[in-house]
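Q: Please take a close look at one helix pair in this model, and at how the two helices are set against each other. Then go on to the charged pairs and the core.

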Amino acid sequence: MTSSIMTRMNTLIPIASLPSDVMERVFLQLTILEPPSSKASRGLGWIKVSHVCREWRAIALGYASLWHTVVGGDVNARWAGEILARSKAAPVAIAIRNPSDPWLAHISGHLYHTRHLDVSVSDSVPKALVSGEYLASPAPLLETFAFDTRFDGVQLPNLLFANYAPRLRRVTLLGCVRDVPWSSPVFRGLVHLHLQQSGSETPSPENFGALFDSMRSIPALETLALIKCLPDTPALSESDDGVLELPALTKLHLHSSVTACASFLRNLRIPPSTILDLQCEMHSNTEHDILLPVLAAHLTAVEPGLEPITTAVVESRHGSNVAFSAWRSCTLRDGVPALSPAEQPALRVRLEQHGPAASSTPPHLSSAFLTELPLRGVRALRVASMHAGWTADHWVDVARNLEGAEHVSAEDRASDALLHALDKGGAVFPRLRALGLSLNMPPAFLQELVRVKEAALEALFRALEERRRVGTPGVQVFLDGRLSDGVAR
């Protein structure tokens with residue numbers, strides 16, 4: 001009786017006059033704002049609306065689209081089964097960590113209406129649970145698939161999604177790269193592919209060859225990341241027949257040895273506008289000679305409307321590693337491209353030296369990027385180096401290749417070398433308009449070192465005054481980010 005009275009009273013509340021379809025939309029927004037969780041601070045989340053009254057509960061249970069997300073880390077298998085049952089045939093997203101047997105059954109039984117699937121398996125889960133057979137059902141609505149495992153020997157089924165996942169566009173595979181059925185037609189519509197091999201085992205040319213061949217059937221691929229899964233031994237033909245064409249590729253991320261990255265790039269035909277992000281491991285002092293010609297070929301390729309490289313940054317501060325970044329267009333500051341642009345670089349290369357190469361100083365690597373790559377359109381340059389090997393001669397060579405640079409910034413030891421290069425006279429950066437120097441002189445340094453710096457700065461201002469006298473445009477000098485009073489105008 002009391003329950004019946006309360007139900008009748010609820011109908012008198014103004015919000016009860018809202019149509020069911022309006023309440024459904026309100027609840028749907030709430031699923032985004034308050035997802036359910038097993039954590040006490042979050043609790044039931046949006047599901048608490050089903051506990052307010054009979055009307056709201058009926059609306060929530062009857063609207064399948066509300067039950068669109070199941071997160072395995074926060075929801076147990078029994079409750080996940082209830083959520084999936086309530087979702088009926090509405091598209092769902094499933095994210096699960098360390099699946100149990102009941103969880104695997106849920107995935108297999110609901111692949112037909114799964115839109116996003118993310119499975120993560122740690123090394124504490126028995127191998128029998130990750131045989132992959134639960135992924136052998138058709139997935140007609142699947143758009144993204146992520147699989148992460150640190151198990152050796154884990155494999156995906158040969159008939160992945162029963163060879164039927166026509167909407168699949170994004171795939172991320174971590175740790176199980178060696179056992180993927182790359183010949184499956186489910187990969188042919190991909191626009192994003194991210195692969196990362198776990199462990200220290202070197203990828204075999206044979207396994208990678210299967211992946212390489214399969215990518216010939218993925219012409220719409222836009223982003224590709226290959227992490228630790230390129231073979232060190234070149235196994236790909238460098239003839240035209242061995243070239244892989246990816247005409248829609250917009251970004252490529254590689255992490256492997258210099259030899260492996262260079263070999264893969266030589267066998268790749270991509271648009272000149274493709275963004276390259278490379279993390280390369282070097283084991284000798286000359287391996288960069290293999291990579292730089294490949295990068296130069298990419299930068300010199302022509303594409304209508306493609307801007308030239310305008311900004312370059314080289315850093316060698318941590319151990320013996322070197323990082324190079326280049327941008328095609330950047331925000332202008334006082335008519336000069338900013339040295340810390342917000343845009344994504346068109347080219348980023350990080351060289352990590354290992355073995356015998358790690359004991360050598362990298363100034364020749366830093367300058368090699370600036371002297372061997374086609375960078376004549378660069379207007380802004382920043383060099384940061386903690387290594388004493390940077391010399392005035394390095395700067396002279398760099399200035400010869402980057403003669404159009406208008407804004408040059410040098411930090412740490414590289415700033416000392418630049419001061420000496422400018423003091424030599426001659427046409428070092430003849431179009432220079434702004435010079436930034438970060439001298440890094442802590443108070444604890446000996447006064448003698450400060451006097452040496454001051455003498456070098458005096459020589460700098462004399463050199464800039466000489467440049468002004470012969471008709472070279474005046475140069476603004478910034479010391480540690482501040483405009484100096486000794487500017488030659």
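A: H7 and H8 run roughly parallel to each other. The model is predicted, and the values here are computed from it. Two packed helices are described by the angle between their axes and by the distance between those axes. Here the angle is about 30 degrees, and the axes lie 9 Å apart. Angles under 35 degrees count as roughly parallel, so the pair falls in that class. H7 covers residues 258–266 and H8 covers residues 288–300. The crossing of H7 past H8 is left-handed. On the H7 side, the contact is made by Val258, Thr259, Ala262, Leu265 and Arg266. On the H8 side, Ile290, Leu291, Val294 and Leu295 make it.

Next, the core. The largest nonpolar core holds 107 residues. Four of them touch the most other members: Phe161, Phe264, Trp395 and Phe429. Phe161 has contacts beyond its sequence neighbours, leaving out residues up to four places away. Among them are Leu111, Leu117, Leu135, Leu142, Phe145 and Val186. The run Ala136, Ser137, Pro138 and Ala139 also touches Phe161.

Now the charged pairs. The model has 12 salt bridges. Take Arg350 and Asp277: their closest N and O atoms are 2.7 Å apart. Arg350 sits in strand E16 (residues 347–353), and Asp277 sits in strand E11 (residues 275–282). The pair therefore ties together parts that are 73 residues apart in sequence. The two ends differ in burial class: Arg350 is partly exposed, at 26% relative accessibility, while Asp277 is buried, at 6%.

Glu315 and Arg382 form another salt bridge, with closest N and O atoms 3.4 Å apart. This pair, too, links distant parts of the chain. Glu315 belongs to strand E12 (residues 311–316) and Arg382 to strand E17 (residues 380–385). They are 67 residues apart. Here the acid is partly exposed: Glu315 has 27% relative accessibility. Arg382 is buried, at 14%. The cut-off for buried is under 20%, so Arg382 qualifies.

A third bridge stays within one helix. Asp397 pairs with Arg400, the closest N and O atoms being 2.9 Å apart. Both residues lie in helix H10 (residues 392–401). They are 3 residues apart, about one turn of the helix. Asp397 is partly exposed, with a relative accessible area of 36%. Arg400 is exposed, at 52%. Exposed means over 50%, so Arg400 meets that cut-off. As for networks, salt bridges that share partners join Asp277, Arg348 and Arg350 into one.

Last, a loop residue. Arg431 lies in the loop between helix H11 (413–423) and strand E19 (434–438). Arg431 is exposed, with a relative accessible area of 54%. In sequence, Arg431 and Glu406 are 25 residues apart. In space, their C-alpha atoms are 5.4 Å apart. Leaving out residues up to four places away in sequence, Arg431 touches Glu403, Gly404, Ala405 and Glu406.

How values were computed
Residues are numbered from 1 along each chain as its sequence is written. This is a predicted model: local features need pLDDT of at least 70, side-chain atom pairs count only at pLDDT 80 or more; totals for chains, interfaces and linings use all residues. Side-chain values use heavy atoms; hydrogens and water are left out. A salt bridge is a side-chain nitrogen of Lys or Arg within 4 Å of a carboxyl oxygen of Asp or Glu. Helices (H or I, at least four residues) and strands (E, at least two) are DSSP runs, numbered from the N terminus. Buried means under 20% relative accessible area, exposed over 50%, partly exposed in between (1.4 Å probe, protein chains only). A nonpolar core is a set of buried Ala, Val, Leu, Ile, Met, Phe, Trp, Tyr and Cys residues joined through side-chain atoms within 4.5 Å. Contact means heavy atoms within 4.5 Å. Axes are lines fitted to C-alpha atoms, for helices over the stretch in contact, and angles run from 0 to 180 degrees between N-to-C directions. Angles under 35 degrees count as roughly parallel, over 145 as roughly antiparallel, 65 to 115 as roughly perpendicular and the rest as oblique. A crossing is left-handed if the near helix is turned anticlockwise from the far one by less than a right angle, and right-handed if clockwise.
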